[in-house]
Each structure stands twice: as C-alpha cells, then as structure tokens.
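Visitor: Please take me in for a close look at the charged side chains and where they sit, and then connect that part to the rest of the chain. I would like the numbers along the way.

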Amino acid sequence: MASGGSWFEVEGNAGGRSAAKDPLMQPEGLWKEGAFEDPIPNLGGKSKAEASGRDAGIPGGNDDTTAMLLEYGVFPTGGKGQQISMVFYFITSWIFFVQGIAGMSGLAVSYFYKDTLKVDPATLSTVTSLTALPWTIKPLYGFLSDGWPIMGYRRKPYIIIAGCIGSASWFCMAVFVNDVWSGFACMFLASMALSITNVIAEGMLVEKSRGQTQEFASHLQAFVHGAQAVGGIIAAYFGGFLLAYLADRHMFMLCCFFPLTLVLVALIVDEERFDGDVTVIRADMAGKLGELWEAFKHPHIYKPVAFVFMLNSTPATGATWFYFYTNTLHFSSSFMGTINVVGAVCSLGGVVIFGKFLAKTPFRPILIWSTIISTLFGMTQLILVFRWNVGYIPDGAFCVGESAILSILGWINTMPILVLASRLCPIGMEATMYALIMSINNLGGVVGAQFGAALTLGLGITESNLDNFWILVLICNVSTILPLVFIGWIPADGEDHGADISVSQQSADEKQRT
C-alpha cells in the first residue's frame, strides 16, 4: 500500500505493490546463527590468526577488524578467497544508504503537489513515476563512464558530478518550482543523479560476485540493500515527523545536503587512473553493444528478464492511496510517517529473513509464494476501502499492520530478483548486463505506474471522488499473480548462468577456429 513515502520507485517494487523501497537494516547478526544474542563481538580466547580467518580464504582476511566482523556474521563470506575490504563495504553501502534516505522528500513531494499545486491523483502518479525514467537507461551511464573518463578516472568524477546535480536539483525544487513540470524536471535530475551512482556501485558489486556461490552473492546484495534499508527507515521517520514543523520547501532544502555526501565518498574510491587510448574504447562500443545483444538473446537471460518485467509492469495504485489517507481517513503527516517507518523496519525484516533463511532457496518457490501471499494480503485493502473495519479495527492499526506484512513480503519477493540479475551476467560484461537487466526491471515499474494512472483517470477517481477506488485496488491486486503463468522462465536452480553462457560461447569460438 503506497502512502506517499517515495517520489520515485525503483528496484524494490514487486508486482506493483509497495515493497521495501528506497527503497530499508541493522547488519549485526544478519547471516550467522545466534549473532543477535551477542551484538557486541568479543574475540575471547581465539588467537589472532584464527580469528582473522587468514587460513580460510575469507574476504578481508588480512584485516583483523574486518575478520572480527566476518566472524560474527556482519559481512558475508566468499568461499573462494575473494578479498573485500571495509572501504569497499562502506562505499557501496553509503551509496545505497543515500538512495534510501532520499525518500525523506516523499511525503513533502506528495503534499506539495496535492495542496500547493492542486493536482489530481492520476497526475501525481504520472509525474512521480516518470521521475524513475533515468533508472531505465542505466547501461548508458556505464558506456558514458567507460568511453569518456574524466581526468583519467571513470568512477570518482561521475560520482562527484552526480552528487552536485542531485544537490542542485533539490535546491531548485525548494526555491524556484511553482508548477507541475518544473517540479518534475528537478525530481528527474535528482533521480538521474542517484541512478548514476547506483550503476557505479552495482558494477562494483557484480565484480565481487563473479565466480562466487549463490549464497555469497545473496549475502552481499542483502548487506548493501540493508544499508539502503537503514536510510529508508531514517527517511520514513523524519519524512513525516519534520513535516509537522517544516514546510514542504524546507524539506526540499534539507534533502539537498544528502547527495553532497557522495562527493566526499568519491574521494576514497579505490580506482586506478586510466592512461589508455579512449578513442579505441569508443570505437569498440558498437562491438560491445553487439556482444551485449547477442548475450541478451540467450534464453537463460531474456526469459528471466521478461518475467521480471511482467511482474513489475502490472498496474499499481500509485498516489491514490495518499489521497485516500489524507482526505478519507484524515491521517496527519506524522502518522503517515509512522506508517512508513513500520513499513521500512519490516522491509529490513524481509531483507534479514531472505539473507538468513532463504539465501540457498531456489528462486521459483520464493517468487511464487511471496507473490501469492502478497496478493491475498493486498486484497484485504478492500476492507479498508469499504470501511468494513470500522467498529472492529481502528484505521491506523489496520494500515500499520498491513504495511508491516506487505513490506516484509515485498522485499522477500524483490531480493531473488536482485540476486538473479547478478547471476545472469556473462563474464566480461558483468556491469553492463546487470545495468541492462535492472533497467528493464525499472521500466516495468514505470509501465505499471502508468497503467495505474490510466486506470485512475479512466475510473474517474479524483481528489474529491474516490467512489471507484475499490475497483482500482481490485484490479491492481488480481493482476499481480498473472505473470506467474511464466514462472518456468526463472531458472530452477541458483547456478551462475552468466558464466555458463560465456563458457558455451568460448567453446563455440574454439570449435570454429579448429
């Protein structure tokens, strides 16, 4: 159930439901049994060599602090000698954290468009969903940074530029915006800034996941998206709480400071200066696009991606819930923030459950059962819409409880998609293929939101007329299970199909040579 908590929805929207977005995690004890019993690690009687895991080939085994965190389950362990430093965890996690805390502007944007600009639910859904378009062209950022390094660097300058663009966008939103589409332009640029840094962080993650087990890839994804979860929790709480004391424009001014932290993070990115000939790289881009297309045409890639697209492109209720909450249920901004906090915390729970109990589980049963159960719980929204709960369950308790359940299920549904995407990438084009897969995933979310906006408009739903809202809720929930007809397109196991594709292609090339 959407509660106006996010002005753009990417890579966390399972089948048009409000999953754990931006978005949502306290990493202690995430994957090691019993770790919650001892949140403050104590090495006890272990020798330094034994505790550091130098003989076990664990990530960061040469760093005693990292090894201690590994021992107590804070960081995931790669089984093949993969060395991962604490700086790597900090950089990637902080980028995702900023993506999460960016949701602090969500309620402010909704109130700004509804009360200041006087737009209807369909327009608000359209505008906010279109701000996610930068997330549908993620491979472009990869090609741009590869072919046009700045002062010899492909990561640092682009993170710095993105941070500056994001900050400037929210400043303009706070000072200059007075109409719908200038606001859209500012949010579009802010969204683009986050998507650029997201591409860079994801490329770093895919590089570390290559050749590792499904369990390691799952843990690594869970860790960084846990940082996003923490940002989402902070954003959810203060996004509602501060609106009781600050105007929406003041919230926009506050949000302009978060992207600036990316500028500082960029300074510690470990990156070697590129001294090669960029003209050769640019000339080779057409060939790379051809290789990307040839790899994408493999059934092991395009079929799972098509399924994920369909799962995300089902209609979403979008901003209409915000109007229902404020106009029909008369929820305050503070209580709206409370609903978002509960959803964000429980989204963290979904990430923890996946990382601790489902990391080795095949993708198909997770997607099937999480989708079916989410749809069943989503149908209970009709109880609230028809007001059947009055006299039995208070509106606030109903919304908080439902937000909790759907948020947990949403991230359990989303995490396999993220892991699957990282496992579908052929060797040599990991970052580009992952960006392409997630772009298609995000495009599905935009399409689903536009379907929902069209339904909202077609059903005659406005700020003052929510009579047909129940039809929108029913359609959006029932349509969510339709893509399960194609669940067979998802791999039945957790194998690294990207590596398989590369191996098969190399074998074919060798046969041609002989």
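**Charged pairs and their surroundings**

Guide: Let's begin with Lys-297, which counts as partly exposed because its relative accessibility is 37%, between the 20% and 50% limits. Please keep in mind that this is a predicted model. The side chain of Lys-297 meets that of Glu-294 in a salt bridge, with N and O 3.3 Å apart. Glu-294 is partly exposed as well, at a relative accessible area of 46%.

How many salt bridges are there by the rule used here? The count is four.

Another of them joins Asp-395 and Arg-387, whose closest N and O atoms are 2.7 Å apart. Here the two partners fall into separate classes: Asp-395 is buried because its relative accessibility of 18% is under the 20% limit, whereas Arg-387 is partly exposed at 27%. Salt bridges with shared partners also tie Lys-114, Asp-115 and Glu-463 into one network. Within that network, the side chains of Lys-114 and Asp-115 meet with an N to O distance of 3.1 Å. Lys-114 is buried, its relative accessible area being 7%, while Asp-115 is partly exposed at 34%.

Arg-387 deserves a second look for its backbone. This residue has a positive phi of about 65°, although it is not a glycine. Most residues other than glycine have a negative phi. You will find Arg-387 in the loop between helix 18 (381-385) and helix 19 (395-423). His-330 offers a second example, with a positive phi of about 60° and again no glycine. His-330 also sits in a loop, the one between helix 15 (320-328) and helix 16. At a relative accessible area of 61%, His-330 is exposed, since the limit for that class is over 50%.

From that loop you can follow helix 16 (residues 333-358) to Leu-358. Leaving out residues up to four places away in sequence, Leu-358 touches Ile-353, Ile-366 and Ile-412. The C-alpha atoms of Leu-358 and Met-415 are separated by 9.8 Å, with their positions 57 residues apart along the chain. A longer stretch of sequence is spanned by Ala-217 and Arg-423: they are 206 residues apart along the chain, and their C-alpha atoms are separated by 8.1 Å. Ala-217 belongs to helix 9 (residues 214-241) and is buried, with 0% relative accessibility.

Now for the nonpolar interior. The largest nonpolar core has 83 residues, and Tyr-113, Trp-170, Met-173, Tyr-325 and Phe-469 have the most contacts inside it. Helix 8 (residues 180-209) gives the most to this core, with 13 residues. A second, separate core of 35 residues includes Val-305, Ile-412, Ile-417 and Leu-436. Ile-412 is thus a name you have met already, as one of the residues that Leu-358 touches.

What is Tyr-113 in contact with, leaving aside its neighbours within four places in sequence? The residues are Lys-118, Val-119, Leu-124, Val-127, Met-173, Val-180, Gly-183, Phe-184 and Met-187. Met-173, among them, also ranks with the residues that have the most contacts inside the largest core.

Phe-469, another of those well-connected core residues, leads on to helix 21 (residues 469-480). The geometry of this helix is easy to check: at 1.5 Å a residue, its twelve residues should span 16 Å, and the end C-alpha atoms are 17 Å apart, so the two values agree. Along helix 21, Phe-469, Leu-472, Val-473, Cys-476, Asn-477, Ser-479 and Thr-480 are buried.

Nonpolar side chains appear on the outside too. Val-87, Phe-90, Leu-264, Leu-267 and Ile-268 make a nonpolar surface patch of about 480 Å². Val-87 lies in helix 3 (residues 86-101) and is partly exposed, at a relative accessible area of 42%.

Finally, let's step back to the whole chain. The chain has 22 helices and zero strands. Of its 514 residues, 57% are buried. The chain exposes about 20300 Å², and carbon and sulfur atoms supply 65% of that area.

Technical notes:
Residues numbered from 1 in each chain as written. Predicted model: local features only at pLDDT ≥ 70, side-chain atom pairs only at ≥ 80, totals over all residues. Heavy atoms only, no water. Core = buried A, V, L, I, M, F, W, Y, C linked by side-chain atoms within 4.5 Å. Buried < 20%, exposed > 50% of the residue type's maximum accessible area, 1.4 Å probe, protein only. Helix = DSSP H or I, 4+ residues; strand = E, 2+ residues; numbered from the N terminus. Contact = heavy atoms within 4.5 Å. Expected span 1.5 Å × (residues − 1). Patch = residues over 30% accessible without salt bridge, like charges linked within 9 Å, V, L, I, M, F, W, Y side chains within 5 Å. Areas by Shrake-Rupley, 256 points an atom, 1.4 Å probe, with all protein chains shown as cover.
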